Amino acid sequence: MLELQGIPVSPGVAIASALVLDADGYRIPRCIVPASDVDGEFARLHVAVDVVSEQLEQSRLETTAQAGRQTGDIFAAQLQMLHDPRLHSELEKRIGDDRQSAAFAVSAVLHNYATALRKLENPLLADRAQDVLDIERQLLTQLGAVTRQPLADLTEPVIVLSRMLTPSETASLDRRFVKGFCTEIGGAGGHTAIVAKGLEIPAVVGIGEFLPIIAGADRVIVDGDRGRLIIDPDDETIAHYEERAEYRRSLAAKLAKQSQLPAETLDGTRIALNANIEFPHETAACLARGADGIGLYRTEFLYLSSDEEPSEEDHYQAYAEVIKQMEGRPVVIRTLDLGADKMGRGKLAHQENNPFLGLRSIRLSLRNLDLFRPQLRAVLRAAVLGDVRVMFPLVTTLGELRQARMLLNVVAEDLADSDIPYRSDLPVGMMVEVPAAVMMLDHFAREVDFFSIGTNDLAQYTLAVDRSNEYVADLYQSSDPAVLRLIQASIDISDANQIPISVCGEMSSNPARALLLLGMGVRNLSVPPSALPRVKKAIRNVSIEQCQAIAERVRKLESARDVDLYLLDRLAELAPELVMQ
Ligand code: PEP
Ligand code: MG
């Protein structure tokens, strides 16, 4: 058994077989064969080595003829590696003594070689590492062990272990079979993490390099609450986790019974408890869990989950589906927040040195009007179907807000000219997620109908910490006192200007932090659907006075750690069921 620690990003526990993907997303095969198959595995290996050897020799001859001896020598070096006696004695030991399949042995040995070469940090040897992996890929192909789209054709429950998953790869995971995932890179605030929460798949990211050392893993546990990956757990550990999973199931069943009760504190203060969604199909779960509305619809996932650029009609259909299902409850549609870790395809794909400080979000939309216009038309048209509001992300300057509003007006006029029905008094809001916007919030307050604080980005830009970077994940805390001061300032300014304000960043999905936000004056929270039951339970267990006392105490604390420890203590007193043993 081996236990690895990473960053917990999506709660829950899962126990299943490991599906190990290598750095390029290829499946690494599993692993031990019956004693009776050992001879067969040897035979398969020898055939594979012979075929690859012939192919390499062929490539060497052709490349030498076309590009000269020096280039052809690349393949000569690969041939030499392929016939290295040390390689063969290691493979023989693994297959003969350890009963590993030929494919598994090839993958494990060659990955170990490549890692050892890379560790030497010499650019020439790093290139050799690539050659080693090339040979691995060719041998695995001959052994029939390479699956190019291992996530597309699953037939049994698995936990995916991989170097990384992009937000769109995460979005396309098949929930019937993918019970959890763990990645080497990534941070708590990245959109991969957010999508995992949306899909309710337990996930741990930012574990650091672990794939080479777990190549033999069969069964694994993902502990998305505490950020652990347990490889080949013993019986006692499995029993412990099964008990935890059972506790979660029974708590969920209990909370489900309260789903249609209002999010109201003990003193009768009604809190608007809304849901964040990425896809229309999530609306059903929001309603089942008693969401008061959709507080954040991340529309950019329409781009990320399809190869085609969505048309105005695609936008309209998606929005209409959500709005109709919500039956008059508020729906806040956020305009495209592409860029940074949510890269589009085709003309939108671009490389930047600091993408989180670059062309993302409203900036990208304002520079790509042929992208932005159809979306705004679709929002205006769909808005006649219910209580819809539009919200612009990452607004930093008043100029950006004014440009976006102007475009909205122009698009509305076009619709009017063409006699297409649309909502002319669509409420317009903005996200508060850049410190500059907080500093100017009194000015913004004169030009918008509502604010929503995006704590994910506000923490990133206040603390100068990339939200998806595992190296600085410990510094990325929305409960940092500096972030809390900006949140408090935003609440105070919006109250003074009588502009409604909500919090839709992940901070509000943590019940303890949600209570702090109530104490700071927030009366509108938006959380992932999976968090609705727990946050509602926390709200219903407290009075506003208790929350205010919490906020009062927190104002005196000096670090995120102190804040979170104190909040957890208070939650344990006020809503003990929510604090797992
Ligand atoms: C945020 O930044 O807090 C937010 C809600 O937006 P996103 O996570 O999509 O950037
Ligand atoms: Mg944001």
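**View 1. Eight charged, five polar and four nonpolar residues form the shell around ligand 1.** The model shown is predicted. The shell comprises 17 residues. Arg 298, Glu 433, Gly 454, Asn 456 and Arg 467 come nearest to ligand 1. Three elements each give two or more residues to this shell: helix H7 (191-199), strand E11 (294-298) and helix H17 (455-463). H17 gives the most, with three residues.

**View 2. Side chains of Arg 298, Arg 334 and Glu 433 reach oxygen atoms of ligand 1.** For Arg 298, an N or O atom of the side chain is 2.7 Å from an oxygen atom of the ligand. For Arg 334, the distance from a polar side-chain atom to a ligand oxygen is 2.8 Å. Glu 433 also has a side-chain N or O atom 2.8 Å from an oxygen atom of ligand 1. On its own, ligand 1 has 290 Å² of accessible area. The protein covers 100% of that area.

**View 3. Ligand 1 takes up the space of the largest cavity.** Which residues listed by UniProt under "binding site" are included in the lining of this cavity? Both Glu 433 and Asp 457 are. The UniProt entry that lists these two residues is unreviewed.

**View 4. Glu 433 and Asp 457 carry the UniProt label "binding site" (unreviewed entry).** The two residues are spread over 25 residues of sequence. In space they cluster, with a largest C-alpha distance of 5.2 Å. Glu 433 is in a loop. That loop runs between strand E14 (428-432) and helix H15 (435-439). Glu 433 is also among the residues that come nearest to ligand 1.

**View 5. His 191 and Cys 504 carry the UniProt label "active site" (unreviewed entry).** Why do these residues count as gathered at one spot? They span 314 residues in sequence, yet no two of their C-alpha atoms are more than 14.1 Å apart, so they gather at one spot. The lining of the largest cavity includes both His 191 and Cys 504. His 191 is found in helix H7. Helix H7 covers residues 191-199 and is one of the elements that give two or more residues to the shell around ligand 1.

Terms used: Residues are numbered from 1 along each chain as its sequence is written. Chains are lettered from A and ligands numbered from 1 in the order in which they are written. This is a predicted model: local features need pLDDT of at least 70, side-chain atom pairs count only at pLDDT 80 or more; totals for chains, interfaces and linings use all residues. Side-chain values use heavy atoms; hydrogens and water are left out. A residue is near a molecule or strand if one of its heavy atoms lies within 4 Å of it. A polar contact is a pair of N or O atoms within 3.5 Å; within protein, one must be able to donate a hydrogen and the other to accept it, and residues adjacent in sequence count only if both atoms are side-chain atoms. Accessible areas come from the Shrake-Rupley method with a 1.4 Å probe; for residues, only the protein chains shown count as cover. On a 1 Å grid over the protein atoms alone, a cavity is a set of points where a 1.4 Å probe fits but cannot get out, and a pocket is an open set with protein on both sides within 12 Å along at least five of seven lines; lining residues have an atom within 4 Å of a point. A molecule sits in a cavity or pocket if more than half of its atoms lie within 2 Å of its grid points. Helices (H or I, at least four residues) and strands (E, at least two) are DSSP runs, numbered from the N terminus. Ala, Val, Leu, Ile, Met, Phe, Trp, Tyr, Cys and Pro count as nonpolar, Asp, Glu, Lys and Arg as charged, and the others, Gly among them, as polar. UniProt positions are given in the numbering used here, feature names are shortened, and annotations may be inferred rather than shown by experiment.
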